[in-house]
Amino acid sequence: MDHLTEQTVARYLLQVEAVRLSPKEPFTWASGWKSPIYCDNRRTLSYPEARNYIKMAMAKAIIDRYPETQVIAGVATGAISWGAFVADALNLPFVYVRSQAKDHGMKNLIEGYLPENSRVLVVEDLISTGGSSLKAVEALRDAGADILGLYAVYTHGFEVAEQLFAEAGVAMHTLSNYNAVIEEALRTGYIAPEVKEVLQEWRKDPANWGK
């Protein structure tokens with residue numbers, strides 16, 4: 001992704017508090033990890049300017065890189081909306097992948113109509129370790145889909161995620177990333193220069209940071 005898009009998305013994420021930085025009073029993730037950053041991209045849905053920029057930037061990136069895309073697939077729950085927005089912008093069919101199959105009715109894992117052998121582009125909101133994203137990819141492949149790649153709004157840039165995507169043979173792209181957020185936060189004075197090193201240290205070993 002080009003630097004301008006990375007920084008623009010980072011600026012929107014910070015402006016609407018979809019990304020919050022607090023190195024002195026770290027957040028605790030559901031995994032138990034201590035973290036100086038918390039990301040909730042769903043907040044951008046409430047801000048039309050940010051929402052529309054992200055939607056159109058992702059739609060353009062997808063059609064430029066993967067013009068053969070036939071179906072957009074969102075990963076539940078965070079990327080259902082982003083996938084639907086992008087599919088609408090590209091006038092393409094949309095499906096979404098549940099974290100687990102329904103326990104009633106048709107017991108669907110994939111919602112919507114997915115023709116076999118469809119060329120599918122997966123949409124995510126956030127890449128952390130990559131596990132949930134790749135679980136969705138596996139479900140789509142089991143259903144006969146040809147996965148072209150995955151686009152996400154943002155990534156923390158963990159090495160483990162990049163390794164898992166490489167092992168799964170899935171090309172992963174994002175509109176923005178951790179480095180862009182830190183750069184934008186420093187540029188706007190959201191954080192002081194002296195905390196940059198702390199923020200960079202966290203990403204090297206997030207499971208043990210702060211212990």
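A nonpolar core is a set of buried nonpolar residues, such as Leu, Ile and Val, joined through side-chain atoms within 4.5 Å. Keep that in mind as you click through this predicted model.

**Stop 1: the largest core.** Select L21 and I62. Out of the 44 residues in the largest nonpolar core, these two touch the most other members. Now colour helix α2, residues 48–65: with 7 residues, α2 gives this core its largest share. Go back to L21 and show what surrounds it. Leaving out residues up to four places away in sequence, L21 touches L14, P36, I37, V181, I182, A185, Y190, I191 and L199.

**Stop 2: another core.** Apart from that one lies a core of 22 residues, and you can pick it up by selecting V97, I127, L134 and F165, which are among its members. As a general pattern, nonpolar side chains in soluble globular proteins tend to be buried together.

**Stop 3: S133.** Next, select S133 in helix α4, which runs over residues 131–142. Is S133 buried or exposed? It counts as buried, because its relative accessibility is just 1%. Show its side chain and you'll find a polar contact, at 2.8 Å, with the side chain of E124. Beyond its neighbours within four places in sequence, S133 is in contact with E124, I127, L150 and F165.

**Stop 4: the largest pocket.** Stay with α4, which supplies 6 residues, the largest share of the lining of the largest pocket. To find the middle, select R42, D125, L126, S128 and S132, the residues nearest the pocket's centre among the 31 that line it. The space inside is about 670 Å³. Try colouring the lining by type: you should get 13 nonpolar, 12 polar and 6 charged residues.

Methods. Residues are numbered from 1 along each chain as its sequence is written. This is a predicted model: local features need pLDDT of at least 70, side-chain atom pairs count only at pLDDT 80 or more; totals for chains, interfaces and linings use all residues. Side-chain values use heavy atoms; hydrogens and water are left out. Helices (H or I, at least four residues) and strands (E, at least two) are DSSP runs, numbered from the N terminus. Buried means under 20% relative accessible area, exposed over 50%, partly exposed in between (1.4 Å probe, protein chains only). A polar contact is a pair of N or O atoms within 3.5 Å; within protein, one must be able to donate a hydrogen and the other to accept it, and residues adjacent in sequence count only if both atoms are side-chain atoms. Contact means heavy atoms within 4.5 Å. On a 1 Å grid over the protein atoms alone, a cavity is a set of points where a 1.4 Å probe fits but cannot get out, and a pocket is an open set with protein on both sides within 12 Å along at least five of seven lines; lining residues have an atom within 4 Å of a point. Grid points are joined across faces, edges and corners, and a volume is the space filled by probe spheres set on the points. Ala, Val, Leu, Ile, Met, Phe, Trp, Tyr, Cys and Pro count as nonpolar, Asp, Glu, Lys and Arg as charged, and the others, Gly among them, as polar.
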